[in-house]
Amino acid sequence: MVQSASAVTPERYAQGLTYEQYIAGIKVNQDRFQENYEGTKLSAEQVARYKALMARPNGPAKVLVLGEDWCPDVYRGMPVMAKIAEATGLELRIFPRDENLDIMNEFLKDGEFQSIPTVVFYTNDQRYITHWIERAGKANEEMPIMRQLYAGRTREEAADD
């Protein structure tokens, strides 16, 4: 649950890393971040939809991402968010989770887990809009199916469970 007094003030947000700064400083999986960044393609229609959402009163203008370079969900998801931000003008700032536990503790999964990536959206004047944790809801729904696929079962067999 988001606390009423956030650790993410406008000044703190401004101290976050750009995607380029984050990538330059990571220790592992730089190739995976790069591969996912280069593999992310946005259509003109997708970009237009994001920009229309951003143009709404109190629409998203800023996004904060908490992550660590060793996490597969982070090196899959953060490059996508970076591409969206780049294509739309959404301001992106990245905070390493382990160095920013006060921020992480505002967005614990189920009130107790420091799950990453955590992606938080704000208005231009730094008002909280929403956040998501780890991966999209649809991906969470399909995780049991994916685990069974990796265990050698077909998608249809896994879906029948």
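# Strands, a helix and salt bridges

Guide: Strand S1 (residues 62-67) and strand S3 run antiparallel and are joined by 5 bridges. Strands here are DSSP runs of E with at least two residues, helices are runs of H or I with at least four, and both are numbered from the N terminus; two strands pair if DSSP finds at least two bridges between them. This is a predicted model, where local features need pLDDT of at least 70 and side-chain atom pairs count only at pLDDT 80 or more, while totals for chains, interfaces and linings use all residues. Residues are numbered from 1 along each chain as its sequence is written, and side-chain values use heavy atoms, with hydrogens and water left out.

Visitor: How many helices and strands does the protein have?

Guide: Let's walk along the sequence. The pattern reads α-α-α-α-β-α-β-α-β-β-α-α. Counting each kind gives 8 helices and 4 strands.

Visitor: Which residue in S3 is the bridge partner of Val-65?

Guide: S1 and S3 are joined antiparallel. Within S3, the bridge partner of Val-65 is Val-119.

Visitor: Which residue in S4 is the bridge partner of Val-120?

Guide: S3 also has 5 bridges to strand S4 (residues 128-133), again antiparallel. The two form a hairpin with 5 residues between them, and Gln-126 in the turn has a positive phi of about 70 degrees. In S4, the bridge partner of Val-120 is His-131.

Visitor: How many residues of strand S3 (residues 118-122) are buried?

Guide: Buried means under 20% relative accessible area, exposed means over 50%, and partly exposed lies in between (1.4 Å probe, protein chains only). On one side of S3, Thr-118, Val-120 and Tyr-122 are buried, and on the other side so are Val-119 and Phe-121. The strand is mostly covered, with a buried count of 5 of 5.

Visitor: What does helix H5 (residues 72-88) reach from its first C-alpha to its last?

Guide: H5 has 17 residues. The expected span is 1.5 Å times one less than the number of residues, and for H5 that is 24 Å. The helix comes close to it, reaching 25 Å.

Visitor: Which helices and strands do the buried residues of H5 pack against?

Guide: H5 is mostly covered, as 12 of its 17 residues are buried. Among them are Val-74, Tyr-75 and Met-78. A contact means heavy atoms within 4.5 Å. The buried residues pack against helices H2 (19-25), H3 (30-39) and H4 (44-55), and against strands S1, S2 (91-96) and S3.

Visitor: Which residue forms a salt bridge with Arg-76?

Guide: A salt bridge is a side-chain nitrogen of Lys or Arg within 4 Å of a carboxyl oxygen of Asp or Glu. Because Arg-76 and its partner are 3 residues apart in H5, about one helical turn separates them. Arg-76 is partly exposed at 44% relative accessible area, while the partner counts as buried at 11%. With the closest N and O atoms 2.8 Å apart, that partner is Asp-73.

Visitor: How far apart are the closest N and O atoms of Arg-12 and Asp-102?

Guide: Arg-12 is buried at 17%, whereas Asp-102 is partly exposed at 38%. Arg-12 also touches other residues, including Phe-95 and Ile-103. Arg-12 and Asp-102 form a salt bridge, and the closest N and O distance is 2.7 Å.

Visitor: How many residues apart are Arg-12 and Asp-102?

Guide: The pair links distant parts of the chain. Arg-12 sits in helix H1 and Asp-102 in helix H6 (residues 101-104), and their separation in residues is 90.

Conventions. Lists of a residue's contacts leave out its neighbours within four places in sequence.
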